[in-house]
Amino acid sequence: MQPLTELVLRAGAGILATDRSDPVEHKPDGSPVTTADLAADRIIAEGLKRIAPDVPALSEERCGLGRPSSGSFFLVDPLDGTKEYVAGRDEFTVNLALVTDGKPLLGIVGAPALGQVWRGVVGHGAERLAVNADGARYDATPIHTRPMPADGAPWIVAISRLHLDERTLAFIAERPGGVHARMGSALKFCRIADGEADIYPRLSPTCEWDIAAGAAVVIAAGGELTDSSGRPLRFDEPRPNFIVPEFIAWGDARAAS
């Protein structure tokens with residue numbers, strides 16, 4: 001965990017060192033890619049080769065190599081929330097997960113512009129790091145999800161500022177008392193893990209690298225990640241372009257059943 005955390009911190013520093021006004025290019029699917037995306041990806045790729053040379057890695061910026069067939073692999077989004085980054089907001093993250101036998105086992109989510117990192121190992125707990133101004137030292141605080149509020153009581157739903165869809169709104173509307181907390185990138189998972197929000201539903205497509213690290217942190221903190229039927233989400237299923245059709249992150253794992 002320690003060298004991987006340092007790697008996420010270095011990737012975050014690489015993002016902050018780039019110029020946000022650099023030209024924005026677009027991939028074939030229309031999603032933006034910036035100099036910062038590529039800089040962070042290069043830092044992480046080189047670091048993983050040094051830290052764990054025998055473990056394959058799948059990154060958003062290098063997904064053409066395909067999914068590893070079995071065992072363990074790293075799943076990386078070097079800059080999650082590129083649109084937030086381009087818009088000048090600070091709600092972007094560096095996401096690094098270790099997936100084993102289809103399950104997110106370890107997750108690190110760094111928010112370099114906010115000076116925070118969330119990390120966890122499933123079965124061993126999760127913590128939030130407050131990063132010092134030098135970007136290298138930090139103080140760690142254990143975190144845990146919170147119980148779901150009683151029926152009829154207000155509850156907090158983490159939702160995307162840029163990717164909110166009708167199915168997700170309908171899911172929220174079915175549960176009275178939902179208080180919307182809008183934010184970008186994988187920070188929504190982090191607020192669940194912190195015990196500051198209760199549910200993060202996204203019933204529209206997203207990519208595996210967007211959610212694996214956050215899922216590991218949430219599960220390590222006591223929560224769960226499922227589809228809309230309550231089945232645990234796996235990361236070893238054949239999915240075209242690594243697209244996940246839907247997911248729900250639950251702070252209270254009992255509420256998912």
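# Chat about a seven-stranded sheet and its surroundings

Author: Let's start with one pair: Q116 has A130 in β8 as its bridge partner. Keep in mind that this is a predicted model.

Reader: OK, and how do β7 and β8 pair overall, parallel or antiparallel?

Author: Antiparallel, with six bridges between β7 and β8. The two strands make a hairpin that has three residues between them. In that turn, G123 has a positive phi of about 90°.

Reader: What about β6 and β7, how many bridges there?

Author: Six bridges, and β6 and β7 run antiparallel. One of the pairs puts G110 together with V117 in β7. β6 and β7 also form a hairpin, with four residues between them. G115 sits in the turn of that hairpin and has a positive phi of about 70°.

Reader: Going one strand back, how many bridges join β5 to β6?

Author: Seven bridges link β5, residues 93-100, with β6, residues 103-111, and these strands are antiparallel. A97 stands opposite G107 in β6.

Reader: What's in the loop between β5 and β6?

Author: D101 is placed there. D101 has a positive phi of about 50°, although it is not a glycine. Most residues other than glycine have a negative phi.

Reader: Where is N241, then?

Author: N241 is in the loop between β14 (224-226) and β15 (243-244). N241 isn't a glycine either, yet its phi is positive, about 60°.

Reader: Back to the sheet. What's the strand order?

Author: The order is β3-β4-β5-β6-β7-β8-β9 in an open sheet of seven strands, and the pairing is mixed.

Reader: Which strands stand at the edges?

Author: β3 (57-59) and β9 (138-143) do. Each has a single partner strand, so one side of each is left without a neighbour in the sheet. As for twist, neighbouring strands of this sheet are turned by 20° against each other on average, with direction ignored.

Reader: Which strands does α1 lie across?

Author: Helix α1, residues 2-16, lies across β4 (72-80), β5, β6, β7 (116-121), β8 (125-131) and β9. The helix runs at about 150° to β5.

Reader: And α6, which strands does that one cross?

Author: Helix α6, residues 208-220, lies across β3, β4, β5, β6, β7 and β8. Its angle to β6 is about 100°.

Reader: Switching to pockets. What volume does the largest pocket have?

Author: About 760 Å³. There are 32 residues in its lining, and S31, E60, T206, C207 and D210 lie nearest its centre.

Reader: Which elements supply at least two residues each to that lining?

Author: They are β4, α3 (82-86), α5 (187-193), β12 (199-202), β13 (206-207) and α6. So α6 turns up again: helix α6 lies across strands of the sheet and also supplies residues to the lining of the largest pocket.

Reader: How does that lining divide between nonpolar, polar and charged?

Author: The lining of the largest pocket has 13 nonpolar, nine polar and 10 charged residues.

Reader: How many cavities of 30 Å³ or more does a search of the whole structure find?

Author: One. About 40 Å³ of space lies in the largest cavity.

Reader: Which residues line the largest cavity?

Author: I159, S160, H163, L164, D165, T168, Y200, P201 and R202. Two elements give two or more residues to this lining, β10 (155-160) and β12. The largest share, three residues, comes from β12. By class, the lining of the largest cavity has four nonpolar, three polar and two charged residues.

Reader: Last topic, the whole chain. How many helices and strands does it have?

Author: Six helices and 16 strands. The radius of gyration of the chain is 17 Å, close to the 18 Å that the globule rule gives for 257 residues, so the chain is as compact as a globular protein of that length.

Reader: And what box do the C-alpha atoms fill?

Author: Roughly 50 × 40 × 35 Å, taken along the principal axes.

Note on methods
Residues are numbered from 1 along each chain as its sequence is written. This is a predicted model: local features need pLDDT of at least 70, side-chain atom pairs count only at pLDDT 80 or more; totals for chains, interfaces and linings use all residues. Side-chain values use heavy atoms; hydrogens and water are left out. Two strands pair if DSSP finds at least two bridges between them. Axes are lines fitted to C-alpha atoms, for helices over the stretch in contact, and angles run from 0 to 180 degrees between N-to-C directions. Contact means heavy atoms within 4.5 Å. On a 1 Å grid over the protein atoms alone, a cavity is a set of points where a 1.4 Å probe fits but cannot get out, and a pocket is an open set with protein on both sides within 12 Å along at least five of seven lines; lining residues have an atom within 4 Å of a point. Grid points are joined across faces, edges and corners, and a volume is the space filled by probe spheres set on the points. Ala, Val, Leu, Ile, Met, Phe, Trp, Tyr, Cys and Pro count as nonpolar, Asp, Glu, Lys and Arg as charged, and the others, Gly among them, as polar. The radius of gyration is taken over C-alpha atoms; the globule rule is 2.2 Å times the number of residues to the power 0.38.
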